[in-house]
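Here are my notes on this model, set out as numbered points. Please read them with the structure open.

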Amino acid sequence: MHRLFIALRPPPAIRARLIALMEGVPEARWQSEAQLHLTLRYIGEVEARVADEVVLALGQVHGLAPSVALAGVGRFGGARAGDALWAGVAPAAPLALLHKKLDQALARIGLPHEGRAYHPHITLARLPRRTPAPPVDAFLARHAALTSAPFTMDAMLLYESHLGQEGADYEAIGRWPLDL
């Protein structure tokens, strides 16, 4: 089985800026530089045959390379059960359009449509799922005004996620350029 997702990779300067934020939350499992990405579409576990079909479907998806900027930070999960800290990106519309194209292409090969609303973000840390969750309010307040100059992500990447005891390692197994 292959655990797959499609993502964009922020440029090195943006990744360095995000790495510099990663402190001040006890028990947070901060993402490494190699893990920083903006997910376009989660696929999940599929057999090798389906993974091959995904590769072919991605070759048929064309779109503009989105130009976005960092836009604040946030948290998925709640005060009782932590999940993740993230950096937002804006505008969301170009990313949502690309997400929709990918979702449709994957549906044509028999994968189900993604059931949740698309919220473009770059995950910064995973938080333990326990009650109470680690305190994150100071981190969120300190970085609420996070912004950047616009940056372009010019390729879609197909990643395979390998789960281990320390978390997930991501391996890029395909790359498709986007139109500039």
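Which residues are exposed on the other side of H1? They are Pro12, Ala13 and Ala20. The points below start from that helix and work through the chain; keep in mind that this is a predicted model.

1. Helix H1. This helix covers residues 12–21. Its buried residues are Ile14, Arg15, Leu18 and Leu21. They span an arc of only 115° around the axis, so they sit on the same side of H1. Pro12, Ala13 and Ala20 are exposed on the other side. Note that an arginine, Arg15, is in the buried set.

2. The loop after H1. Glu27 lies in the loop between H1 and E2. Its phi is positive, about 70°, although Glu27 is not a glycine. Most residues other than glycine have a negative phi. Glu27 counts as partly exposed because its relative accessibility is 47%.

3. Overall fold. The chain has four helices and nine strands. Read from the N terminus, the order is β-α-β-β-α-β-β-α-β-α-β-β-β. Contacts between residues 24 or more positions apart make up 77% of those with a separation of 6 or more.

4. Dimensions. The radius of gyration is 16 Å, which agrees with the value near 16 Å for a compact globule of 180 residues. Along the principal axes, the C-alpha atoms fill a box of roughly 45 × 35 × 25 Å. Of the 180 residues, 46% count as buried. The exposed area is about 9,300 Å², and carbon and sulfur atoms supply 55% of it.

5. The core. In soluble globular proteins, nonpolar side chains tend to be buried together. Here the largest nonpolar core has 45 residues. Ile6, Leu18, Leu40, Ile43, Leu70 and Met156 touch the most other members. Helix H3 (residues 93–108) gives the largest share of this core, five residues.

6. Leu70. What does this core residue touch, leaving out residues up to four places away in sequence? Its contacts are Ile14, Arg17, Leu18, Ala87, Gly88, Val89, Ile122, Leu146, Thr147, Ser148 and Phe151. Two of these partners, Ile14 and Leu18, are among the buried residues of H1.

7. Helix H2. Val50, Ala51, Val54, Ala57 and Leu58 are buried in this helix, residues 48–58. Their arc is only 120° around the axis, which puts them on the same side of H2. The face turned away from that side carries the exposed residues Arg49, Asp52 and Leu56. Leu56 is a nonpolar entry in that exposed list. The cover over the buried residues includes E1 (2–8), E3, H3, E8 (155–164) and E9 (167–177).

8. Ala48. This residue lies in H2. With 43% relative accessibility, Ala48 counts as partly exposed. Its C-alpha is separated by 33 Å from that of Gly88, though the two are 40 residues apart along the chain.

9. Helix H3. It has 16 residues. From first C-alpha to last it reaches 23 Å, close to the 22 Å expected at 1.5 Å a residue. Leu95, Leu98, His99, Leu102, Asp103, Ala105 and Leu106 are buried. Why do they line one face of the helix? Seen down the axis, the buried residues of H3 fall within an arc of 165°, so they line one face. The general rule is that an α-helix has 3.6 residues a turn, so residues three or four places apart point the same way. Ala93 and Arg108 are exposed on the other side of H3.

10. Either end of H3. Pro91 lies in the loop between E5 (82–90) and H3. The peptide bond from Ala90 to Pro91 is cis, with omega near 0°. Most peptide bonds are trans. Gly110 follows H3 and has a positive phi, near 100°.

11. Ser32. This residue is in the loop between E2 (29–30) and E3 (38–46). Its relative accessibility is 32%, so Ser32 counts as partly exposed. Ser32 and Val136 are 104 residues apart along the chain, and their C-alpha atoms are separated by 19 Å.

Note on methods: Residues numbered from 1 in each chain as written. Predicted model: local features only at pLDDT ≥ 70, side-chain atom pairs only at ≥ 80, totals over all residues. Heavy atoms only, no water. Core = buried A, V, L, I, M, F, W, Y, C linked by side-chain atoms within 4.5 Å. Buried < 20%, exposed > 50% of the residue type's maximum accessible area, 1.4 Å probe, protein only. Helix = DSSP H or I, 4+ residues; strand = E, 2+ residues; numbered from the N terminus. Contact = heavy atoms within 4.5 Å. Expected span 1.5 Å × (residues − 1). Arc of directions from axis to C-beta. Rg over C-alpha atoms; globule rule 2.2 N^0.38 Å. Areas by Shrake-Rupley, 256 points an atom, 1.4 Å probe, with all protein chains shown as cover.
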